[in-house]
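Got your viewer open and a selection box ready? Then let's take a walk through this one, stop by stop.

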Amino acid sequence: MNTISENDARPEADDLVLRIDGTKPLSDDILAAVTAICDRTEDGGGRGHVIVHVSGAPAAPWTDALTLPRVNKWERALRRLERLPAATLAVADGECGGLALDALLATDYRIATGSVRLTMPTADGTLWPGMALYRLANHSASTAAIRRALLFGVPIEATEALGLHLIDEVSDDVAGSLARITGRTTGLAGSDLAIRRQLMFDATNTGFEEALGSHLAACDLTLRRAAEEVAA
């Protein structure tokens, strides 16, 4: 089994680190941690990267103290994480379900160790119908492995998740993988990254004419910035 040590994947000066433990129930502390990361990233203009470490899956009963308003806050916090003006990189290790799976699916680039298993959590014998289901279904609801996970709770192993593009790479050297990806994505942060990500999200459910206006606006912004750099 591959595990991540405390010395792995040390962040750069401008990088922010978030750790999500899927064995824990949704709490105010977890909500506050995600909100704080989002606040700092937005206030900093998207400098650096947000590195999200995820692991663990909930054990029953984990929904006893859960309320619908708290679930709503969590889903909105994840949506904010998903739209940050910075590249978000996940490092997944071992069993990943519940909050860990939610956070993993809200990131831009996902690195996993070979021990990773993506699992849909259950509540009183019923699969939890949270937004992880939405993100997985939008990825490819027609894929047999994803259908089995969403309908019957069959875990998705690391190699299968890689083949389904739910993760981007399986690595024995997490620190090396993170260094390579952060090097590749440095300088791509800020509003431009957020705009491109939103255009990508909208592409599957937006008609051509509506999408054209958004893309032209993004192109115009890019051209004006280039002209300003030349003039300076």
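What follows is a tour of the pockets, the cavities and a handful of single residues.

One thing before you click: this is a predicted model.

**Stop 1: the largest pocket**

Select Glu82, Leu105, Arg110, Met200 and Phe201 and centre the view on them. Out of 35 lining residues, these are the closest to the centre of the largest pocket. The space in there comes to about 1100 Å³.

Now colour by secondary structure. Which elements each supply at least two residues of the lining? They are the helices α2 (68–82), α4 (131–140), α7 (174–185) and α8 (191–202), along with the strands β3 (87–96) and β4 (109–112). Helix α8 gives the largest share, with 7 residues.

Switch to colouring by residue class and you'll find a mixed wall: 14 nonpolar, 9 polar and 12 charged residues.

**Stop 2: along α8**

Stay with the pocket and pick out Phe201, which sits in helix α8. Is Phe201 buried, exposed or partly exposed? Its relative accessible area is 25%, so it goes down as partly exposed. Show its surroundings and, once you set aside residues up to four places away in sequence, you'll see Phe201 touching Arg79 and Glu82. For a sense of distance, draw a line from the C-alpha of Phe201 to that of Arg225: the two residues are 24 apart along the chain, and the line spans 24 Å.

Next, select Leu193, also in α8. With a relative accessible area of 14%, Leu193 is buried. Draw another C-alpha line, this time from Leu193 to Lys24. They are 169 residues apart in sequence, and the line covers 32 Å.

**Stop 3: over to α7**

Select Ser177, found in helix α7. At 5% relative accessibility, Ser177 is buried. Leaving out its neighbours within four places in sequence, turn on contacts and look for Ile111, Glu169 and Ser171.

**Stop 4: the cavities**

Time to look for closed-off space. Rolling a probe the size of a water molecule over the atoms shows where empty space is left. How many cavities of 30 Å³ or more does the structure hold? There are 2.

For the largest cavity, select Trp62, Trp74, Gly98, Asp102 and Trp128, the residues nearest its centre among the 16 that line it. Its volume is about 110 Å³. Helices α2, α3 (99–105) and α4 each bring at least two residues to that lining. By class, the wall has 12 nonpolar, 2 polar and 2 charged residues.

For the second largest cavity, select Ala60, Pro61, Trp62, Thr63, Asp64, Thr122, Ala123 and Asp124, which line it. This one holds about 30 Å³ of space, and its lining splits into 4 nonpolar, 2 polar and 2 charged residues.

**Stop 5: the cysteines**

Select the cysteines and show their sulfurs. How many disulfides does the structure hold? The count is 0. Zoom in on Cys96 to see the reason in its case: the closest cysteine sulfur belongs to Cys38 and is 19 Å away, so a bond is out of reach. Cys96 is buried, at 0% relative accessibility. Then jump to Cys219, which is partly exposed because its relative accessible area is 44%.

**Stop 6: Asp15**

Go to Asp15, in the segment before β1 (16–21). With a relative accessible area of 9%, Asp15 is buried. Which residues does Asp15 touch, not counting those up to four places away in sequence? They are Gly48, His49, Ile51 and Thr182. Zoom in on the contact with His49: the side chain of Asp15 reaches the backbone nitrogen of His49 at 2.7 Å.

**Stop 7: His165**

Finish with His165, in the loop between α6 (158–163) and β9 (169–170). If your viewer has a Ramachandran plot, find this residue there. His165 has a positive phi of about 65° although it is not a glycine. Is His165 buried or exposed? At 59% relative accessibility, His165 counts as exposed, since that is over the 50% cut-off.

How values were computed
Residues are numbered from 1 along each chain as its sequence is written. This is a predicted model: local features need pLDDT of at least 70, side-chain atom pairs count only at pLDDT 80 or more; totals for chains, interfaces and linings use all residues. Side-chain values use heavy atoms; hydrogens and water are left out. Helices (H or I, at least four residues) and strands (E, at least two) are DSSP runs, numbered from the N terminus. Buried means under 20% relative accessible area, exposed over 50%, partly exposed in between (1.4 Å probe, protein chains only). A polar contact is a pair of N or O atoms within 3.5 Å; within protein, one must be able to donate a hydrogen and the other to accept it, and residues adjacent in sequence count only if both atoms are side-chain atoms. Contact means heavy atoms within 4.5 Å. On a 1 Å grid over the protein atoms alone, a cavity is a set of points where a 1.4 Å probe fits but cannot get out, and a pocket is an open set with protein on both sides within 12 Å along at least five of seven lines; lining residues have an atom within 4 Å of a point. Grid points are joined across faces, edges and corners, and a volume is the space filled by probe spheres set on the points. Ala, Val, Leu, Ile, Met, Phe, Trp, Tyr, Cys and Pro count as nonpolar, Asp, Glu, Lys and Arg as charged, and the others, Gly among them, as polar. A disulfide is a pair of cysteine sulfur atoms within 2.5 Å.
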